[in-house]
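Look at the model below and follow the chain from its sheet outward. The paragraphs after it go through the parts in turn.

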2 protein chains.
Amino acid sequence: MISPRIVVVGAGNVAWHLARRAHAQGLSVEQVFSRDPVKASNLATAIAAQPISVFDDLDVQADYYVLAVSDAAIGSVAAKMGERLPPSACVVHTSGATPLSVLQPHFERCGVLYPLQTFSKNREVDFSKVPICLETAQKEDYPGLEHLARRLSDQVYAVDSEKRQTLHLAAVFVNNFVNHLYSIGAALLNENDLPFALLQPLIQETAAKIQDHAPATMQTGPAVRGDQVTMERHRALLNTHPDLQQLYQFFSTAIQKHHH
Amino acid sequence: MISPRIVVVGAGNVAWHLARRAHAQGLSVEQVFSRDPVKASNLATAIAAQPISVFDDLDVQADYYVLAVSDAAIGSVAAKMGERLPPSACVVHTSGATPLSVLQPHFERCGVLYPLQTFSKNREVDFSKVPICLETAQKEDYPGLEHLARRLSDQVYAVDSEKRQTLHLAAVFVNNFVNHLYSIGAALLNENDLPFALLQPLIQETAAKIQDHAPATMQTGPAVRGDQVTMERHRALLNTHPDLQQLYQFFSTAIQKHHH
């Protein structure tokens with residue numbers, strides 16, 4: 001099978017990891033678009049692609065246009081691309097939170113390729129293990145997109161817009177909210193002149209445990225034990241932090257409800 | 001320096017990991033006490049120690065008595081041991097949540113050796129990286145206990161009872177509450193017939209990121225971006241889960257407050 005020709009629109013974290021993975025896997029990324037010419041050039045240089053900064057320069061003959069731009073920009077970027085590209089162009093976005101329908105007014109052949117991971121520019125990620133969730137507006141386009149996705153990752157799933165939104169919501173709980181709990185832990189230690197290094201192995205092990213076990217079966221702590229003495233002591237320790245006291249109570253009640 | 005003679009009281013997860021680590025490091029664990037003779041025997045056999053099930057059988061000449069029993073039992077177990085052991089006995093507990101003062105009515109020479117990790121019997125942990133928090137009632141006892149702890153782990157910290165309680169509270173946030181967020185994520189996926197495997201790499205990477213970076217600097221997601229559209233969509237998705245909707249709102253507000 002001939003390698004598809006890809007244009008990546010965006011030069012943020014997702015674009016950066018996705019485009020470099022595609023290039024490393026021997027896929028041909030032809031162009032990188034970013035309104036910021038420096039960003040376009042930085043990423044394009046890394047993967048031997050052409051940097052472009054105006055939509056008029058878009059290659060009109062690519063097989064896939066991959067939109068890795070902010071959620072809020074997807075609709076307007078798609079509209080601008082629609083003015084330039086032929087009706088046969090296949091355009092996919094990479095957003096967990098955005099329904100496919102945002103692309104449908106502009107392209108008949110559209111889809112979603114959502115890599116479910118948190119990407120940072122300065123951290124390498126093993127892309128072969130990143131789950132990729134796929135959806136296409138037209139059934140005929142699915143096999144081609146799946147073929148492309150399987151070049152990028154071993155973990156490819158068909159997930160429609162409705163389920164993908166719940167998935168993205170669940171990701172907010174286990175990523176954004178979890179990270180905020182890490183911040184709370186760090187702040188409590190900092191107030192007591194204790195180094196955050198004290199909590200790092202625990203955080204690591206807590207995440208490692210649920211790679212093999214359902215999290216509900218791994219629940220420990222005073223709430224699930226019904227240890228009122230410890231919970232009372234903890235609430236007292238949080239007297240000067242009413243917000244955290246409320247959060248502590250909320251979690252303790254929720255854990256007890258969930259497990260009894 | 002002569003290896004200290006150790007008696008481990010308890011045969012639960014902490015006792016299991018601690019005693020096996022001590023044995024593997026060439027320390028001599030003489031006895032394992034558990035009221036349940038089978039449990040005492042299982043652990044004692046693994047480390048070539050004597051299993052005992054009544055306090056009358058306690059070796060009265062050990063250098064350290066390590067109490068790895070439930071928080072609620074520490075006081076009563078110490079009282080019973082106090083009837084048997086000489087006043088010179090050095091007794092330490094291993095609890096994060098329990099002040100040293102629980103031991104002080106029973107022993108002059110007492111302390112705390114708190115390994116800050118979540119232990120499961122069926123999971124091996126790299127004990128050399130487990131932070132151990134130490135405290136002794138008498139300053140003279142600290143160097144000896146520190147020497148013992150450094151045989152067990154490379155990460156040894158002096159942490160007094162007050163700070164240790166805050167540390168334990170912080171551990172509840174980053175371990176117990178985080179695990180509950182994992183459970184929520186798993187439940188949301190389960191309702192949509194999506195496999196939990198979709199979230200596992202994200203969970204892993206979220207925990208890995210904060211090994212090198214302060215968690216507050218790693219915060220991502222709709223709340224910190226102020227992305228009202230996505231947050232509104234998420235709240236709507238949680239209409240049938242008022243508890244989760246409330247939790248979602250709580251975290252979103254807290255994250256925005258923390259970062260603006």
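In chain A, helix α5 (residues 161–191) lies across β5, β6 and β7. The helix runs at about 25 degrees to β6(A). This is a predicted model, so read every value here as computed from it.

The strands under that helix belong to a wider sheet. The sheet is open, has 8 strands and follows the order β3-β2-β1-β4-β5-β6-β7-β8 in chain A, with mixed pairing. Its edge strands are β3 (50–52) and β8 (156–158) of chain A, and each pairs on one side only. On average, neighbouring strands of this sheet are turned by 25 degrees against each other, direction ignored.

Take one pair from chain A. Strands β6 (residues 110–115) and β7 (residues 132–136) run antiparallel and are joined by 5 bridges. Val112(A) has Glu135(A) in β7(A) as its bridge partner. Another helix, α3 (residues 74–84) of chain A, also packs on the sheet. Helix α3 of chain A touches β1 (5–9), β4 (64–67) and β5 (91–93) of chain A. Its direction makes about 150 degrees with that of β4(A).

Which residues does Met81(A) contact, leaving aside its neighbours within four places in sequence? The list is Val9(A), Phe55(A), Leu58(A), Tyr65(A), Leu67(A), Val91(A) and Phe107(A). Met81(A) also belongs to the largest nonpolar core, which has 121 residues. Together with Phe173(A), Leu199(A), Met81(B), Phe173(B) and Leu199(B), Met81(A) touches the most other members of that core. In soluble globular proteins, nonpolar side chains tend to be buried together.

Now turn to chain B and its helix α3 (residues 74–84). Ile74(B), Val77(B), Ala78(B) and Met81(B) are the buried residues of this helix. Seen down the axis of α3(B), they fall within an arc of 100 degrees, so they line one face of the helix. An α-helix has 3.6 residues a turn, so residues three or four places apart point the same way. What covers the buried residues of α3(B)? The cover includes β1 (5–9), β4 (64–67) and β5 (91–93) of chain B.

Chain B has an open sheet of 8 strands too, in the order β3-β2-β1-β4-β5-β6-β7-β8, with mixed pairing. At its edges stand β3 (50–52) and β8 (156–158) of chain B; each has a single partner strand, so one side of each is left without a neighbour in the sheet. The partner pair β2 (residues 28–33) and β3(B) of chain B runs parallel, joined by 3 bridges. There, Phe33(B) stands opposite Ile52(B) in β3(B). Helix α5 (residues 161–191) of chain B lies across β5, β6 (110–115) and β7 (132–136) of chain B, at about 25 degrees to β6(B).

How do the two chains relate? A turn of 180 degrees and a shift of 0.0 Å along the axis lay chain A on chain B with an RMSD of 0.0 Å. That is the relation of a two-fold axis. Val178(A) comes closest to the rotation axis of the residues of chain A, with its C-alpha at 2.8 Å. Of the interface residues of chain A, 100% are also interface residues in chain B, so the copies meet through the same surface.

Finish at a loop. Asp63(A) sits between β3 and β4 of chain A. Is Asp63(A) buried or partly exposed? Its relative accessibility is 36%, so Asp63(A) counts as partly exposed. Beyond its neighbours within four places in sequence, Asp63(A) is in contact with Pro4(A), Arg5(A) and Cys90(A).

Note on methods: Residues are numbered from 1 along each chain as its sequence is written. Chains are lettered from A and ligands numbered from 1 in the order in which they are written. This is a predicted model: local features need pLDDT of at least 70, side-chain atom pairs count only at pLDDT 80 or more; totals for chains, interfaces and linings use all residues. Side-chain values use heavy atoms; hydrogens and water are left out. A nonpolar core is a set of buried Ala, Val, Leu, Ile, Met, Phe, Trp, Tyr and Cys residues joined through side-chain atoms within 4.5 Å. Buried means under 20% relative accessible area, exposed over 50%, partly exposed in between (1.4 Å probe, protein chains only). Contact means heavy atoms within 4.5 Å. Copies are superposed by least squares on the C-alpha atoms of residues with pLDDT of at least 70 in both. Two strands pair if DSSP finds at least two bridges between them. Helices (H or I, at least four residues) and strands (E, at least two) are DSSP runs, numbered from the N terminus. Axes are lines fitted to C-alpha atoms, for helices over the stretch in contact, and angles run from 0 to 180 degrees between N-to-C directions. The arc is that of the directions from the helix axis to the C-beta atoms.
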